[in-house]
Each structure stands twice: as structure tokens, then as C-alpha cells.
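The report below describes selected features of one protein chain, moving from aromatic contacts to sheets and then to a single helix residue. Please read it alongside the sequence and the coordinates.

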Amino acid sequence: MGMGRGAGRSALGFWPTLAFLLWSFPAAVSPCKILKCNSEFWSATAGSHSPASDDAPEFCAALRTYALCTRRTARTCRGDLAYHSAVHGIEDLMSQYNCSKDGPTSQPRLRTLPPPGDSQERSDSPEICHYEKSFHKHSAAPNYTHCGLFGDPHLRTFTDRFQTCKVQGAWPLIDNNYLNVQVTNTPVLPGSAATATSKLTIIFKNFQECVDQKVYQAEMDELPAAFADGSKNGGDKHGANSLKITEKVSGQHVEIQAKYIGTTIVVRQVGRYLTFAVRMPEEVVNAVEDRDSQGLYLCLRGCPLNQQIDFQAFRANAEGPGPHRPEAASPAPAAPDTFPYETAVAKCKEKLPVEDLYYQACVFDLLTTGDVNFTLAAYYALEDVKMLHSNKDRLHLYERTREPPGRAAAAGLPPTFRPLLGSLLLLALLPAFLEAVAA
């Protein structure tokens, strides 16, 4: 689609940070209809740039329609963060562009459907809906990056940093102009700070003539092969099949292809918990409107320093003399049936013969949880890297990264990314942050 050439811009081009962030945490299934209001506003302003004086009346009309939609759903949205963010964001935008509260509203746009009997090939035909096809023959091929989250939990960022974290509660994995991914991590053992992913929400945002906004949500023992609305593609738009869900193994393995942004997502349930892996072009990773105010999200910045676990100290304690029950460096009390160190090593080597960080993560998880399923979680995480990572020389990592989030990394991400939280994102993360600090 050539986002770098300006073709991929949307209404977010002139949203302030607060208005953009309201997309980050909508309710996936709720009587609150704020998602519908958000989507209609996006659709009404799609394709626009920062409004010039000639465009301001139309933009103000779209804002008044947006405000009207939020008022209609106010009763069912009283406790919804996205709703309150939308209300404040609308007020800010109306003030910024000198819009009056009284005046005309925008008319809904008519949706153009493909002719009856259209083939899938035709439904994918808009060039803008196929990221790779939008690059001309003589253009440089896009650079792809990978992020993964698995186990107790272990994070591999877009810049190949590898960390073991606590991050209990809800945390954003990805947050850019095109999609948002949020995970919820819960204690593996009662009263433990060791956590694993129990819930995953992915929001694909409305994009031009390609896809409607779609929400995918998975939880423990519920890995659906469809979006929250029951569909398996991007909706009714002309390029709807540029977003598809495929069930690889029922209840265990789902793959989502988002061709319009060149992105592949793999979600698995291994044992009781979920794993996540994504392949995404750097251009999409970096597609944010205000980098200076961009909030913390794990796949880009890594875990906050106070949420990272010192794996080296843990391993030294586990390998040392005496009972192989880590104490000071362990993030959790040992499970009653946890494995001795030698047994954990033997079980992990069966699936992970290379003693890289995936092998070390496996050993760590068996020592802290006693759950042998974490061996498979590490194994499948490495298999997903083999499938999704563009640099085959970087499949195995050997040195963990423990550094402050936001530090410039080697994969070319701009140093202007600073660890600042937008006000909405900070509000959304505050409960989880306080819980993690208390733990």
C-alpha cells in the first residue's frame, strides 16, 4: 500500500495523542457501543489529512456526529474507559478546530459492495489492500520484524531483545495506527508473582476500502477461529479478504493474515496459557502519529525495568550447591511439585537441543511453575520464530537483555521513541502497574 509514500494515511493524521489512544482499550463484547462510534468517525474522516480551512466544516460535522453517537450510548458506557476517553477527545478536538456544538452533522457514507459472484481474487484486488504488491519492482523490499510472548512470560521484542518479565494484569503488546494488541497475564500459582498469558485481545482498525474494524479475543480454553462478531475476514469492504483467520489446529493454533499491512499473527494455546507471535514490516511498527508521546508497549520497548526478572541470578542460584530451589532471584514461591534442576534441564533438552534463550526459558519455567506444558510453549515459540523471523541468522539468541525500556536498539528504530505514556494509556495501565509493584 506504500504507507511510506503517503497512501496509507487516514484520519489519525490529525488526531492528537488522546484521540488516537482511545482505540487502545475498547470493550470487545459489551452493550456499550463505543466501538461503533469510533469506527463511524474513522470511516467519516478516512483519507483526510490535517484539515485545511476548507475541510474544517466537514470535519466539525463528523465530530458532532461522533459526539451524538457517544451521547446515545452513554447509559451503557458509564464504566468504560474508551467511552470516557472518546468524550474528552471529542471536546479537545472541537476546541482545537473551533467547532461549534450546534450545527450540521455528517451523513453516513454509502458502502460500495463488490458485484455479485465476485471472486476472492477480485475482492483482494485493490493494490492498497496488499502491502507487498504495493511495492514496485524497483523498490526496496520491506524489512520485517518479529515479536513474541510466551511462557512465564518471556518477551522477544521487535529489536530482538529477550527478557523475562512479571507484568501481571493487562499490558499493551502493540499499539500503532493499524492495530492494537493487549495481553492479560495472571499468576501461575496462588499468591505468586510468576505470571502467564490468560487473555489476548487484538484490534484491527478500520482501514480505507480494505477492512472494517475487527476484534479478536482469546482466553484460556477458548481459542476461537473467528472474530468477536463471528466473521472470518475483514467485513463487507472491497478488500475484506486481505484480513483472514485460519484455524490450524482446533482449539490450539490460529493464524491471522492481515495482507493490507503485511502482517502475520500466530496465537496458540499451550497447556492452560496463550502464546503470541507476529511478523510485521518495520514501516507498520513505526506507524505512529506522535512518536514523542507514544506510550509504552512491550513489543517495541520491552518490559519496564522494575518488571524484568534477573535471569542470570536466578540460574546461578539454581545451579549452585544445595537444594535446587531458587530463592532470592525467583519471581515466585516454588510449586509443591516443581522439578529439580537436573530434571528440568533433561526435559527441556528433549525439545530444545540448542542451549539458547528458548531452552533457558524452558528451564526457568519448569523451575518456577512445575508445569511441563511450558516446555511445549518454548518449543512452539521457537518454531514460530523460524517461520516468522526474516533474518535466519537471528533465530537463536544467547544473551538476555536487561536494560531500561526505550533505549535505542540495533534494528533501526528511531531514537526519538521516548518512554513517555500518553495520559489515556497511563490511566489504563495504572491498576495493573500498582498490582505489579505491590507484588
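## Aromatic contacts and sheets

Phe150 is buried, since its relative accessible area is 3%, and burial here requires a value under 20%. The model is a predicted one, and every value in this report is computed from it. Phe162 is likewise buried, with a relative accessible area of 0%, and Tyr358 also counts as buried, at 1% relative accessibility.

The structure holds eleven aromatic pairs, among them two that involve Phe150, which are set out in the table.

| Aromatic pair | Centre to centre | Angle between planes | Geometry |
|---|---|---|---|
| Phe150 and Phe162 | 6.3 Å | 65° | edge-to-face |
| Phe150 and Tyr358 | 5.5 Å | 15° | stacked |

Because Phe150 lies in strand β1 and Phe162 in strand β3, the edge-to-face pair ties together parts that are twelve residues apart in sequence. The stacked pair ties together parts that are 208 residues apart in sequence, because Tyr358 lies in helix α10 (residues 357-369) while Phe150 lies in strand β1. Elsewhere, Phe41, Phe59, Tyr66 and Tyr97 form one aromatic cluster.

Rings also meet charged side chains: the charged end of Arg279 sits over the ring of Tyr144, at 3.6 Å from the ring centre, and Lys351 lies over the face of Tyr379, with 4.7 Å to the centre of that ring.

Which order do the strands of the seven-stranded sheet take? The sheet is open, its pairing is antiparallel, and its order is β3-β2-β1-β11-β10-β9-β8. Strands β3 (162-164) and β8 (243-249) stand at the edges with a single partner strand each, so one side of each is left without a neighbour in the sheet. On average, and with direction ignored, neighbouring strands of this sheet are turned by 10° against each other. Helix α11 (residues 373-388) packs on the sheet, where it touches β1 (144-150), β2 (154-156), β9, β10 and β11 (273-281), and the direction of the helix makes about 165° with that of β10.

Within this sheet, strand β9 (residues 253-258) is joined to strand β10 (residues 263-270) by six bridges in an antiparallel arrangement, and Val254 stands opposite Val267 in β10. The hairpin of β9 and β10 has four residues between the strands, and Gly262 there takes a positive phi near 60°. Strands β8 and β9 also pair in the antiparallel sense over six bridges, with Glu255 in β9 as the bridge partner of Thr246. These two strands form a hairpin with three residues between them, in whose turn Gly251 has a positive phi of about 75°. Strand β9 is mostly covered, as five of its six residues are buried.

A further open sheet has four strands, in the order β4-β5-β6-β7 and with antiparallel pairing. Here β4 (169-175) and β7 (214-219) stand at the edges, each with a single partner strand, so one side of each is left without a neighbour in the sheet. The twist averages 20° from one strand to the next. Six bridges join β6 (residues 195-204) to β7, and these strands run antiparallel; Phe204 has Lys214 in β7 as its bridge partner.

## A buried helix residue

Is Thr70 buried or exposed? Thr70, found in helix α3 (residues 56-72), counts as buried at 4% relative accessibility. A polar atom of the Thr70 side chain lies 2.6 Å from the backbone oxygen of Ala67. Leaving aside residues up to four places away in sequence, Thr70 touches Ile34, Cys37, Tyr83, Ala86, Val87 and Ile90.

Terms used
Residues numbered from 1 in each chain as written. Predicted model: local features only at pLDDT ≥ 70, side-chain atom pairs only at ≥ 80, totals over all residues. Heavy atoms only, no water. Pairing = 2+ DSSP bridges. Axes fitted to C-alpha atoms, helices over the stretch in contact; angles between N-to-C directions. Contact = heavy atoms within 4.5 Å. Buried < 20%, exposed > 50% of the residue type's maximum accessible area, 1.4 Å probe, protein only. Polar contact = N/O pair within 3.5 Å; in protein donor to acceptor, adjacent residues only side chain to side chain. Phe/Tyr/Trp six-rings, centres within 6.5 Å; stacked < 30°, edge-to-face > 60°. Lys NZ or Arg CZ within 6 Å of the ring centre and 35° of its normal.
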